[in-house]
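Dear colleague,

I am passing on the structure below, and a short account of what was found in it follows. Please read the two together.

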There are 2 protein chains.
Amino acid sequence: MRIGEAAAAMGMTTKTLRFYEHRGLLPTAHRASNGYRDYGGETVARLDFIRRSRVAGLTLAQIGDILQVRDAGGTPCAHVRDALARQLTGLDRQITELVALRATVAEYYDAAAAADSVSCDSERICSLL
Amino acid sequence: MRIGEAAAAMGMTTKTLRFYEHRGLLPTAHRASNGYRDYGGETVARLDFIRRSRVAGLTLAQIGDILQVRDAGGTPCAHVRDALARQLTGLDRQITELVALRATVAEYYDAAAAADSVSCDSERICSLL
DNA sequence: CTGCACCTTCCCCTATAGTGGAAGGTCAAG
DNA sequence: CTTGACCTTCCACTATAGGGGAAGGTGCAG
């Protein structure tokens with residue numbers, strides 16, 4: 001299976017597959033006699049795992065850690081649980097921050113909408129902010 | 001007022017001020033005879049506006065647009081209102097996406113926490129994802 | 001024989017908001 | 001006269017996940 005087929009099968013680009021190899025998410029690909037990468041079913045399964053992990057918002061670095069555990073012969077479940085827990089914590093923090101920022105911006109915006117003719121003195125650039 | 005003083009007064013670094021100048025947020029600074037940048041009160045006011053805008057989550061590009069309107073002699077209030085509106089829309093979209101992702105991850109995590117001894121077949125890498 | 005689709009490596013670019021550090025100039029104090 | 005605290009410019013680097021495009025090799029169809 002050449003890189004283009006594998007990429008098409010996963011809905012990825014060949015660039016992405018080479019990039020994953022470069023990042024260590026895919027092992028050094030087996031080469032055909034003409035130098036072309038030759039992928040087997042296990043690579044496609046690996047790509048599928050990467051995609052599932054990406055859907056869960058894991059970074060390539062986190063995914064790489066999990067794959068390393070698997071490649072070392074271990075069962076990465078504990079690692080995955082940790083990654084998911086960290087992911088949840090991070091998401092909660094991000095959401096909290098964004099909601100707070102939204103409140104700030106909404107306050108500014110309401111004030112801006114209420115003040116019809118604002119005296120923007122040039123010293124302050126704009127009094128709405 | 002030299003760059004270090006101005007930066008200290010705003011709680012910024014000299015790097016940041018030079019960067020803002022490079023990005024066009026600050027006009028080309030007036031130079032003293034020794035080549036040092038020499039800032040006046042209007043630059044500090046401008047920096048303060050930049051900081052207020054950044055607190056509202058505006059990007060440097062958006063802030064630059066507003067400053068350009070002001071520098072062209074206009075009143076940037078309408079521009080500011082637009083920027084705030086776009087900011088609100090963007091934040092809502094981001095928050096929605098993050099909340100959805102959080103739900104997805106929480107689902108995975110709950111499943112991972114519930115399944116004590118999961119049969120992680122190596123083909124799937126890890127069945128938790 | 002030539003075109004076309006596919007593959008290879010390589011390096012640079014995207015967007016964001018700066019930060020780090022090198023090499024060198026300036027100025028007041030000791 | 002030198003030390004130290006400033007200042008100057010310029011180049012590279014941070015993190016993220018690839019994308020763009022050049023220059024060249026491979027293989028099959030017409």
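**Symmetry and DNA surfaces**

Chain A can be superposed on chain B with an RMSD of 0.1 Å by a turn of 180 degrees and a shift of 0.0 Å along the axis, the fit being by least squares on the C-alpha atoms of residues with pLDDT of at least 70 in both. The two copies are thus related as by a two-fold rotation axis. Within chain A, the residue that comes closest to this axis is A:Ile95, whose C-alpha lies at 3.2 Å.

This is a predicted model, in which local features need pLDDT of at least 70 and side-chain atom pairs count only at pLDDT 80 or more, while totals for chains, interfaces and linings use all residues. Residues are numbered from 1 along each chain as its sequence is written, and chains are lettered from A and ligands numbered from 1 in the order in which they are written.

Of the interface residues of chain A, 100% are also interface residues in chain B, so the copies meet through the same surface (contact means C-beta atoms, placed from the backbone, within 7 Å).

DNA strand D is surrounded by 17 residues, the closest being A:Lys15, A:Asn34, B:Arg2, B:Gly4 and B:Arg37 (near means that the C-beta atom, placed from the backbone, lies within 6 Å). Around DNA strand C there are 18 residues, of which the closest are A:Arg2, A:Gly4, A:Arg37, B:Asn34 and B:Thr59.

With kind regards

Note on methods. Contact = placed C-beta atoms within 7 Å.
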